[in-house]
Amino acid sequence: FLIAERFPRTMDRLLLRPVLRRAVRALSTEETCAATPATFRPPVSDETTERVRADFPGADGQTLAGLLETPKLFEKPLGVALFAHCFTCGRDVMSAKYISGALTRNGLACLRFDFTGLGHSDGEFANTNFSSNVADLVAAAAYLESTIGAPQVLVGHSLGGAAVLSAAHDLPSVKAVAAVGAPFDPAHVLHNFEADITRIEEDGEATVKLAGRPFKIKKQFLDDVRDQTGTERKIATLRRALLIMHSPVDETVAIDNAAQTFFAAKHPKSFVSLDGATHLLSNRKDALYAGDIIATWATRYIGA
């Protein structure tokens, strides 16, 4: 700014701005990052994040398509996170991209992938269910363990949040679990196609519209989520740090679900309100905020 005062004319200032930006960027990456790597918060970009394709075998042998993101501005990742996307979404949905990006910006490596039958992953969605999603998460964790390191942090959005709460019991390396906009009971997902349930039960399957897209749902999916009993006990015996994040104005999964999960869980547990956010975290700022909070909270428990 002192330099700018030496050039009062508008044109001179316009010419000078790019130079100032480059100088600030150089100082930030070369000096600030080196001095305080654990607290430096550069913007998410290809300059700060290494992204590599990560394909691996899922629970039933099909190839699952993942994206592994690691921080460039840290000597090594502070920890490893595994992200589970929302029901019928995918690894590239906005919430997944920005939460994963925020985690990486804060020094965590993060794997996000498409569940079986979705996005770029192989398999038929109609043959999947909640249990297969949990099994895919366990397979993804095995892949991470064989490459960059076993995951210490699980992050799940919506039904993915319920899935990580279940998968954590099978992953001894996990020390912290974050559930964002997650239902207390996995069977809550059935309300998304409530009008089609009778037809599915009578015919064995039906094509339903979810977010404007057609998906074939089989009766086995209904049976599986209804069989997910003992949710309260599973949460109570998690034995990991738990972070619950939920919007009080969530119209898809009401905030009462967060209250049920919070009261069922044992300490250490925390709750953060995503005030004003939609269920899908459609505002980029909400997703980045969630990711920043998760990363800061998680480092307390992973020894970073």
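## A walk from the cavities to the sheet

Let's start inside this predicted model: helix α5 supplies three residues to the lining of the second largest cavity, the largest share of that lining. Helix α4 (130-146) is the other element that gives two or more residues there, alongside α5. Altogether, 16 residues line this space, and Phe87, Thr88, Phe115, Leu118 and Asn133 are the ones nearest its centre. What classes of residue make up the lining of the second largest cavity? Nine are nonpolar, seven are polar and none is charged. The volume of this cavity comes to about 110 Å³.

How do we spot empty space like this? Rolling a probe the size of a water molecule over the atoms shows where such space is left. In this model, the count is three cavities of 30 Å³ or more.

Now move to the largest cavity, which holds about 130 Å³ of space. Helix α5 turns up again: both α5 and α8 (231-236) give at least two residues each to the lining of the largest cavity. That lining has 13 residues, and Ala162, Leu165, Ser166, Thr231 and Lys234 lie nearest the centre. Sorted by class, seven residues of this lining are nonpolar, five are polar and one is charged.

Next comes the sheet. Strands of a sheet pair through backbone hydrogen bonds, and they can do so in parallel or antiparallel fashion. Here, eight strands form an open sheet with mixed pairing, and if you walk across it you meet them in the order β1-β2-β4-β3-β5-β6-β9-β10. Why is one side of β1 (49-57) and of β10 (269-273) left without a neighbour in the sheet? These two strands stand at the edges, and each has a single partner strand, so there is nothing from the sheet on the other side. On average, neighbouring strands of this sheet are turned by 20 degrees against each other, if you ignore direction.

Zoom in on one pair. Strands β3 (residues 79-84) and β4 (residues 108-113) run parallel and are joined by five bridges. In this pair, valine 80 stands opposite alanine 109 in β4.

Helices pack on this sheet too, and here we meet α5 once more. Helix α5 (residues 159-167) touches β3, β5 (153-157), β6 (176-180) and β9 (241-246), and its direction makes about 150 degrees with that of β5. Helix α10 (residues 284-299) also packs on the sheet, touching β4, β5, β6, β9 and β10. The direction of α10 makes about 165 degrees with that of β9.

Notes: Residues numbered from 1 in each chain as written. Predicted model: local features only at pLDDT ≥ 70, side-chain atom pairs only at ≥ 80, totals over all residues. Heavy atoms only, no water. Pairing = 2+ DSSP bridges. Helix = DSSP H or I, 4+ residues; strand = E, 2+ residues; numbered from the N terminus. Axes fitted to C-alpha atoms, helices over the stretch in contact; angles between N-to-C directions. Contact = heavy atoms within 4.5 Å. 1 Å grid on protein atoms, 1.4 Å probe; cavity = no way out; pocket = protein on both sides within 12 Å on 5 of 7 lines; lining within 4 Å. Points joined across faces, edges and corners; volume = space filled by probe spheres on them. Nonpolar A, V, L, I, M, F, W, Y, C, P; charged D, E, K, R; others polar.
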